[in-house]
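Biologist: Please show me the structure, and then let us discuss how its parts are packed.

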Amino acid sequence: MAIMWYWISFFISASGPVFAHDFNFTYGEVAKESNCVTVSIFMEAIVKEGGLRDMEQLLLRSVQFSDGGSVKAVEKIRFETETILDGSLIVQAAHLSQCFAGKMDELTIVTTEEFGPLVLHWDGQEYPIVPGSWDNTIAFGPATALTSLKVFRRYIFLGFEHILPKGLDHILFVLTLFLLNLEIVTLLKQVTVFTVAHSFTLALASLGIFQIPSAIVEPLIALSIVMMAGENIFFYRLRSSRIFLIFMFGLLHGMGFARVLGDLGLNTRHFMTSLAGFNIGVELGQLAVLALAFLVIGWIGDRPWYRR
């Protein structure tokens, strides 16, 4: 039974894309004039004939604005483009405009999963826009400025979401720790080492002290899953060398977490709050994976045939 699970995790990780994350990251800026707002989203997207219309339709169905009362779709979209030799267009920016009837004290932006992650800048602050959430509110007055608690809560959600449901690579790695031995003490040893390691490199990379290109990190993360799954097949007990491997692979996964956090954007006014919230969210996501694994197959751990 255990062998079957190991080979499942082995082949899923081996057959997937080399790069463990697939983020179409965009960032933008907010401009406000009286009761009108413009959200400028910057990108480098190459579109063929008709592609600009498809992009416009995507924005129209994926983005909504609210002033705290009425909810409206985007009223006007203007693109900044550049034509290249084959006639294709490079889309450099999309400016989304909307006006409201009354005075605007805040703006709530709701996007769909289809749109993907977005970070907006306003008045020196960075606002990660969580798809599907109505908590993506930008305050236009100092009295309603973004609080540390709100930033902390938002980044906990982003960290958790990066594991469940989006972090297949990290889910598989945590499962390789779980499947070696279902004893709580054994599992806690491995998870603690992994947590310490990835928290360390997540902090270093987020602070800009130490960074490795994602083109190197992401294939190594995929390789770490394959190696841990293979070790589970050939070794029945927790070896000291396995603890070392887990620590080294934890350092790699921390670099992967840092890249995601860099894409989402750290709130510059609440830097440490954002970093701590994201890391806590990641830990909660990992614990959720382990809890679900225990619920599904934890009952078979003491069966004599489990390791056969």
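Biologist: At roughly what angle do the axes of α4 and α5 cross?

Modeller: In this predicted model, α4 spans residues 168-180 and α5 spans residues 184-206 (helices are DSSP runs of H or I, at least four residues, numbered from the N terminus). Their axes, lines fitted to C-alpha atoms over the stretch in contact, come within 9 Å. The angle, taken from 0 to 180 degrees between N-to-C directions, is roughly 155 degrees.

Biologist: How are α4 and α5 therefore oriented to each other?

Modeller: Residues are numbered from 1 along each chain as its sequence is written. Local features need pLDDT of at least 70 and side-chain atom pairs 80 or more, while totals for chains, interfaces and linings use all residues, and side-chain values use heavy atoms, without hydrogens and water. Angles over 145 degrees count as roughly antiparallel, and α4 and α5 are therefore roughly antiparallel.

Biologist: Which residues of α5 make the contact with α4?

Modeller: Contact means heavy atoms within 4.5 Å. From α4 come F173, L177, F178 and L180. Their counterparts on α5 are L187, Q190, V191 and F194.

Biologist: Which helix supplies the largest share of the largest nonpolar core?

Modeller: This core (buried Ala, Val, Leu, Ile, Met, Phe, Trp, Tyr and Cys joined through side-chain atoms within 4.5 Å; buried is under 20% relative accessible area, with a 1.4 Å probe and protein chains only) has 39 residues. F173, L177, F178, L202 and F278 touch the most other members. At least two residues each come from α3, α4, α5, α6, α7 and α8. The largest share, 8 residues, comes from α7.

Note on methods. Angles under 35 degrees count as roughly parallel, over 145 as roughly antiparallel, 65 to 115 as roughly perpendicular and the rest as oblique. Buried means under 20% relative accessible area, exposed over 50%, partly exposed in between (1.4 Å probe, protein chains only).
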